[in-house]
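I set out to record, entry by entry, what I looked up in this structure. The entries begin with a single residue and widen from there.

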Amino acid sequence: MTTSAADYLASWVGGRHEDLPETTNGTVRLDIRDDGSTDHWFLTIGDQRVGVSRSAEAADLVVAGDRAVFDRIVAEGTHIGAALVRNDVTAQGDLRLLMLLRRLFPGPPDARHPREVAVTAAATHRTPASQRGERR
């Protein structure tokens, strides 16, 4: 079962996000278009907390796109920056906030944290002492 962008925004984005920088403050409005209408989602970011409301008021960053694009961002982990480069979404305002959106949406289903990958690689690729030039 996949989650729509609207369901995800309503249920999962609001609250504390420890991976957001503590000094980040700003507002983001997501304009999600579908069949001639637009749903507005207003995010207030500050002190590692995100508030979510339904408002069309002015924001520091406005990101607009079709519902299908935002649904792919949620369901498939499409990177918001990649969607911007492909012209799947448009953005106006403080683009630094755009990259923070990546931290609010889920990553690809098979994604792993870089530290986890490094630890696993180090554990499975240990070079024997004889190959490192060390004596036993």
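**Entry 1: two aspartates in loops.** The model I am reading is a predicted one. I began with Asp47 and asked whether Asp47 is buried or exposed. Its relative accessible area is 56%, and the cut-off for exposed is over 50%, so Asp47 counts as exposed. I located Asp47 in the loop between E3 and E4. I also noted its backbone: Asp47 is not a glycine, yet its phi is positive, at about 55°.

I then turned to Asp35, which lies in the loop between E2 and E3. Asp35 has a positive phi of about 50°, and it is not a glycine either. Its relative accessibility is 78%, and therefore I entered Asp35 as exposed.

**Entry 2: the chain as a whole.** I next asked how many helices and strands the protein chain has. I found five helices and six strands. Read from the N terminus, their order is α-β-β-β-β-β-α-α-β-α-α. The protein chain has 136 residues, and 34% of them are buried. For the accessible surface I noted about 8,600 Å², with 48% of that area belonging to carbon and sulfur atoms. I also looked at contacts between residues at least 6 apart in sequence: 61% of these join residues at least 24 apart.

**Entry 3: the nonpolar core.** Nonpolar side chains tend to be buried together in soluble globular proteins. With this in mind I looked up the largest nonpolar core, which holds 28 residues. Which of these residues touch the most other members? I recorded Leu30, Leu43, Val63 and Leu101. The elements that give two or more residues to this core are H1, E2 (25-34), E3 (37-46), E5 (61-66), H2, H3 and H4 (96-104).

I followed Val63 further. Setting aside neighbours within four places in sequence, I found Val63 in contact with ten residues named in my list: Arg29, Leu30, Asp31, Phe70, Ile80, Val89, Thr90, Ala91, Leu98 and Leu101.

**Entry 4: helix H4.** I asked which residues of H4 are buried. They are Leu97, Leu98, Leu100, Leu101, Arg102 and Leu104. I noted that Arg102, a charged residue, is in this list beside the leucines. The cover over the buried residues of H4 includes H1, E2, E3, E4 (49-53), E5 and H3.

**Entry 5: H1 against H2.** I examined how H1 (residues 5-13) packs with H2 (residues 67-76): the angle is about 55° and the axes are 8 Å apart. Angles from 65 to 115 degrees count as roughly perpendicular and those under 35 as roughly parallel; the angle here makes H1 oblique to H2. On the H1 side the contact is made by Ala5, Ala6 and Tyr8, and on the H2 side by Arg67, Phe70, Asp71 and Val74. I sorted the residues of this contact into five nonpolar, no polar and two charged.

**Entry 6: Thr78.** Last, I looked up Thr78, in the loop between H2 and H3 (80-85). Is Thr78 buried or exposed? Its relative accessible area is 15%, and buried means under 20%, so I entered Thr78 as buried. Not counting residues up to four places away in sequence, Thr78 touches Arg72, Ile73, Arg86 and Arg102. I also noted that the C-alpha atoms of Thr78 and Pro106 are 8.7 Å apart, although 28 residues separate the two along the chain.

Terms used: Residues numbered from 1 in each chain as written. Predicted model: local features only at pLDDT ≥ 70, side-chain atom pairs only at ≥ 80, totals over all residues. Heavy atoms only, no water. Axes fitted to C-alpha atoms, helices over the stretch in contact; angles between N-to-C directions. Helix = DSSP H or I, 4+ residues; strand = E, 2+ residues; numbered from the N terminus. Parallel < 35°, antiparallel > 145°, perpendicular 65-115°, else oblique. Contact = heavy atoms within 4.5 Å. Buried < 20%, exposed > 50% of the residue type's maximum accessible area, 1.4 Å probe, protein only. Core = buried A, V, L, I, M, F, W, Y, C linked by side-chain atoms within 4.5 Å. Areas by Shrake-Rupley, 256 points an atom, 1.4 Å probe, with all protein chains shown as cover.
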